[in-house]
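Trainee: I have a structure open and would like to go through it with you. Could we begin with the overall fold and then turn to single residues?
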Amino acid sequence: MKEFKYVIKDAQGIHARPAGLLVKEAANFPCTVTICKGDKEVDAKRILGVMGLGVKCGEEIVIRADGDKAEEAIEKLHQFMEENL
């Protein structure tokens, strides 16, 4: 399992547009991808789960990938987060 921590910099947090793009990015990989905030963990390939976390600016999340191409997924998702959130 690979993971990274990220503090959200977008003033609106993870809102609809970047959440949709994040789900599309995660769906490109065959591995399991999850997002954790506190004690909540959701499937990063499901928009309602991602939106349901209610991540605000300044909050830390953990993105985990496990399975085939997990390392590649983590690299791409980290780059996505830097560019979009």
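Mentor: We shall take the chain as a whole, then a few of its residues. This is a predicted model, in which local features need pLDDT of at least 70, side-chain atom pairs count only at pLDDT 80 or more, and totals for chains, interfaces and linings use all residues. Residues are numbered from 1 along each chain as its sequence is written, and side-chain values use heavy atoms, with hydrogens and water left out.

Trainee: How many helices and strands does the protein chain have?
Mentor: The protein chain has three helices and four strands, in the order β-α-β-β-α-β-α along the sequence. Helices (H or I, at least four residues) and strands (E, at least two) are DSSP runs, numbered from the N terminus.

Trainee: What radius of gyration does the protein chain have?
Mentor: It is 11 Å, which agrees with the value near 12 Å for a compact globule of 85 residues. The radius is taken over C-alpha atoms, and the globule rule is 2.2 Å times the number of residues to the power 0.38. The C-alpha trace spans about 35 × 25 × 20 Å along its principal axes.

Trainee: What percentage of the residues count as buried?
Mentor: Of the 85 residues, 41% count as buried, meaning under 20% relative accessible area, with exposed over 50% and partly exposed in between (1.4 Å probe, protein chains only).

Trainee: Changing topic, where is M81, and why does it count as buried?
Mentor: M81 is in helix α3 (residues 70-84), and it counts as buried because its relative accessibility is 0%. Leaving aside neighbours within four places in sequence, M81 is in contact (heavy atoms within 4.5 Å) with F4, Y6, I8, L22, I61 and I63.

Trainee: And D10, where does that one sit?
Mentor: D10 lies in the loop between β1 (2-7) and α1 (16-27). With neighbours within four places in sequence left aside, its contacts are H15, C57, N84 and L85.

Trainee: Which side chain of opposite charge is nearest to D10?
Mentor: That is R17, 4.9 Å away; D10 is buried yet has no salt bridge. A salt bridge is a side-chain nitrogen of Lys or Arg within 4 Å of a carboxyl oxygen of Asp or Glu. For charge, Lys and Arg count as positive and Asp and Glu as negative, while His and the chain ends are not counted.

Trainee: Last one: is M51 buried or partly exposed?
Mentor: M51, in helix α2 (residues 47-52), is partly exposed, with a relative accessible area of 33%.
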